Amino acid sequence: MSDGNAPSGNKTSIPQQAQLTAIQGPLVGTCFPITSAVAVIGSAQEVQIPLSGSGVQPRHAGLKWTGGTWEFFDLTGDQVHVNDIPTTHRILGGGEIFRIGDHELHFTIEVGQKDDTPTHVSSPRVTGAVLSIELERGKVLGGNEKIEIEVGPGYTIGRTPDNDLAIRDPLASRRHCRIEVIEEEAVLTDLGSLNGTHLEGRAVHQATLRAGDLIVVGKTALRCLRTTRG
C-alpha cells in the first residue's frame, strides 16, 4: 500500500485478529479474515480483500493495525460510507459496516487472543436470555417488536429489514446499534450512528444494560426487561 495516501503499516507487528463479512451484495455470506497489519479492499487481483462489481475501484479502501487499534482509510479520494457516514479515515472499534459499491461488509474484531485481553466469547455458565428488549414507543418493520438477548454474535437495531430489530424511524441509521452478551452482561454499542444512541437520557458509545433501562434510537424507545435464564 505505497501509493498516494494509502496506509503503510509495520508488517512485523501482530494485529488483533479481525475479519470482514459480506452481509449484503453479490458475495453475501463470504468471510474475509484479516491476517496482516495492512489490508487493501478493492477489485485489483493483488488486494487482500477482493470485491467485484460496479462502484468498486482497484484499490478502494484500506485497513491498518497501528498503535494497538485498527484504522480505516479511504483510497478513492471520494470518501467511503462507514455506518452510512461518508468517511476518509476512522478509528475502528468493531461492528462497523462498510459500503463499497454493491457490497456491505461487517467489520468485527476477535477478542481473547491474548491473556490480557478481556474475552467477549460466550461463557458456558450463561444459558437462555440475559435481557429482553421490547418496543415501547415507535414502529417496527414487520411484526417483531421484541428481541431476547442471548449469548452469540449480537443483535443489531436499525432502520433496514436485515436488522434483528428493524425500526421504522427516519432518524435511525441503517445499522444503528448492537446489543451483545459480554462476560454475562448485555452490552449496548453504538455503531457510529449519525444521531447517536441514548441510554437513560444520555448519549453513549458503549454501556452495560440493566432491567428497566430505556434505550432511545431516533424517536424510537426500547425498554430493557428482565427475563428468566434457562
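Buried means under 20% relative accessible area, exposed over 50%, and partly exposed in between. The exercises below apply this scale, among other things, to a predicted model.

**Exercise 1. Classify the partners of the salt bridge between Lys-146 and Glu-148, then place them on their strand.**

Step 1. The closest N and O atoms of Lys-146 and Glu-148 are 3.2 Å apart.

Step 2. Lys-146 has a relative accessible area of 38%. The class between the two limits runs from 20% to 50%, so Lys-146 is partly exposed.

Step 3. Glu-148, with a value of 27%, is partly exposed as well.

Step 4. In strand 13, the uncovered face carries Lys-146, Glu-148 and Glu-150, while the covered face carries Ile-147 and Ile-149. Both partners of the salt bridge therefore belong to the uncovered face.

Step 5. Strand 13 pairs with strand 12 in the antiparallel sense, over five bridges. Glu-148 is the bridge partner of Ser-132 in this pairing.

**Exercise 2. Where in the chain do Glu-104 and Arg-175 lie, and are they buried or exposed?**

Step 1. Glu-104 and Arg-175 form a salt bridge, with 2.7 Å between the closest N and O atoms.

Step 2. This pair links distant parts of the chain: Glu-104 is in strand 11 (residues 103–109), and Arg-175 is in the loop between strand 15 (165–166) and strand 16 (177–182), 71 residues apart.

Step 3. The relative accessible area of Glu-104 is 2%, so this residue is buried. Arg-175, at 7%, also counts as buried.

**Exercise 3. Describe the salt bridge between Arg-210 and Glu-185, and then set out the network that includes Glu-104.**

Step 1. The side chains of Arg-210 and Glu-185 meet at 3.0 Å, N to O.

Step 2. Arg-210 sits in the loop between strand 20 (206–208) and strand 21 (214–217), and Glu-185 sits in strand 17 (residues 185–190), so the salt bridge ties together parts that are 25 residues apart in sequence.

Step 3. Arg-210 is partly exposed at 44% relative accessibility. Glu-185 is partly exposed too, at 31%.

Step 4. Elsewhere, salt bridges with shared partners join Glu-104, Asp-162, Arg-174 and Arg-175 into one network. The whole structure holds eight salt bridges.

**Exercise 4. How many aromatic pairs are there, and which residues do ring pairs link into a cluster?**

Step 1. The search of the whole structure gives four aromatic pairs.

Step 2. One of them is formed by Phe-98 and Phe-107, with 6.1 Å centre to centre and 25 degrees between the planes. Planes under 30 degrees apart count as stacked, so this pair is stacked.

Step 3. Phe-98 and Phe-107 are both buried.

Step 4. Ring pairs link Trp-65, Trp-70, Phe-72, Phe-98 and Phe-107 into a cluster.

Step 5. Phe-72, a member of this cluster, has Arg-90 in strand 9 as its bridge partner. Strand 6 (residues 69–74) and strand 9 run antiparallel and are joined by four bridges.

Step 6. An open sheet of five strands, with mixed pairing, has the order 4-3-5-6-9. Its edge strands are strand 4 (49–50) and strand 9 (89–92), each pairing on one side only.

**Exercise 5. Work out the surroundings of Thr-156 in strand 14.**

Step 1. Strand 14 covers residues 155–158 and includes Thr-156.

Step 2. Thr-156 has a relative accessible area of 14%, so it is buried.

Step 3. Its side chain makes a polar contact of 3.0 Å with that of Asn-163.

Step 4. Neighbours within four places in sequence aside, Thr-156 is in contact with Asn-163, Asp-164, Leu-165, Cys-177 and Arg-178.

**Exercise 6. Which strands supply the largest nonpolar core, and which of them gives the most?**

Step 1. The largest nonpolar core has 25 residues, and those with the most contacts inside it are Ile-133, Ile-149, Ile-157, Ile-179, Leu-188, Leu-209 and Ile-215.

Step 2. At least two residues each come from strand 12 (129–137), strand 13 (146–150), strand 14, strand 16, strand 17, strand 21 and strand 22 (220–226). Strand 12 gives the most, with four residues.

Step 3. With neighbours within four places in sequence left aside, the contacts of Ile-179 include Ile-133, Ile-149, Ile-157, Leu-188, Leu-209 and Ile-215.

Step 4. Another core, of 23 residues, lies apart from the largest one, and its members include Ala-37, Val-56, Trp-65 and Val-80.

Notes: Residues numbered from 1 in each chain as written. Predicted model: local features only at pLDDT ≥ 70, side-chain atom pairs only at ≥ 80, totals over all residues. Heavy atoms only, no water. Salt bridge = Lys/Arg side-chain N within 4 Å of Asp/Glu carboxyl O. Buried < 20%, exposed > 50% of the residue type's maximum accessible area, 1.4 Å probe, protein only. Phe/Tyr/Trp six-rings, centres within 6.5 Å; stacked < 30°, edge-to-face > 60°. Polar contact = N/O pair within 3.5 Å; in protein donor to acceptor, adjacent residues only side chain to side chain. Contact = heavy atoms within 4.5 Å. Core = buried A, V, L, I, M, F, W, Y, C linked by side-chain atoms within 4.5 Å. Pairing = 2+ DSSP bridges.
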